[in-house]
Amino acid sequence: MSPSPEKLTPGKLAGLKAVSDSRNVIAAAAMDQRGSLQKSLAKERGAAATGHDLEVFKTLVTDVLTKHASAILLDPEYGLPASKHRHGKGLLLAYEKTGYDANTPGRLPDLLDVWSVLRLKEAGADCIKILLYYTPFDKPAVNEFKHAWIERIGDECVANDIPFFLEFVGYDSDGGDEKSIEYARKKPSIVAGAMKEFSKPRYNVDVLKVEVPIVMEFVAGTKAFKGEAAYSRKEAMQHFLDAAAVTSKPFIYLSAGVSNAVFIETLELAGESGVAYNGVLCGRATWKDGIKVFATEGESGFRKWLEWTGVENIENVNRALKSATPWTTKVTAA
């Protein structure tokens, strides 16, 4: 699809510029994990992890890694102290509660109780980020709930003239295992379906933060391949292009918890396919292996690990981003 570029209002344009590099590519780090990070820290430590632990962890990641990133994604619950250590780089703030209620079908979302888009903007946000668990194949009642929810947030971002980044993570609405080859075969249509839906003007989304439409360990001929193929290398590259073809909006890739090596190979495959993606918001692929270091060696050990391995990880991502294209090819000033 190549319609004329979408026109951005001054606030939205300024917000996107604030989180981008000099090429207008988004090379951002993500550090908005809350519940999952707390559980991982506690597991590695063998004792409870507190809110203070999360604040310290996030501050160290932000202080070291934003020197090598265009922006940082944080949460307002534990990330505001960290936001003061971002070396002048852009700030995205999460607006959703962490996780979802596993007892209610459909992985329904919820917003943080004492926050609004206005309050996040007042706290220093250049952009607003929402995570939504979504599959086009869930029951209509579930998806109608989610559609209306995103419409409200989109309107709130329009009212405050701030960019809206929508991240969606797919799942199997039939309850299947999302690590299985069966899910890997469904994933291209789940990712493309979500991208198509939330590109509609009614949602007022500015940037789609998306999963790659394939699972690398099921791509034959890759280093990540584990022996069972859901797609050939050529088919995988076509899935990148097919998903991109459903939207004219800027979109960026998330790392979805894979290792740094797998994420780099994923970006290389995306580049080889020729897909016009506009950057990344990369979290765990940069700092995940440091959780154990923080839990066992404390702040000083974790800082050393970040300055060596964490920086190496993010620089690997930055090199792979040579294949990304500027979002300014898809949007323009109003």
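**Exercise 1. Place strand 9 (residues 279–282): which strand pairs with it, and in what sense?**

Step 1. Strand 8 and strand 9 pair in the parallel sense, over two bridges. Pairing here takes at least two DSSP bridges between two strands; strands are DSSP runs of E with at least two residues, helices runs of H or I with at least four, each numbered from the N terminus.

Step 2. For a concrete spot, look at Tyr253, which stands opposite Val280 in strand 9.

A note before going on: this is a predicted model, where local features need pLDDT of at least 70 and side-chain atom pairs 80 or more, while totals for chains, interfaces and linings use all residues. Residues count from 1 along each chain as its sequence is written, and side-chain values use heavy atoms, without hydrogens and water.

**Exercise 2. Find the neighbours of strand 7 (residues 207–210).**

Step 1. On one side, strand 6 (residues 164–169) pairs with strand 7 in the parallel sense over three bridges; Leu208 is the bridge partner of Leu166.

Step 2. Strand 8 (residues 251–254) also pairs with strand 7 in the parallel sense, over three bridges, and Phe251 is the bridge partner of Leu208.

**Exercise 3. Which way do the side chains of strand 7 point?**

Step 1. Recall that side chains in a regular strand alternate between the two faces of the sheet.

Step 2. Val207 and Lys209 point one way, Leu208 and Val210 the other, and all are buried (under 20% relative accessible area; exposed is over 50%, partly exposed in between; 1.4 Å probe, protein chains only).

**Exercise 4. In what order do the eight strands close into a barrel?**

Solution. Follow 2-3-4-5-6-7-8-9, with parallel pairing.
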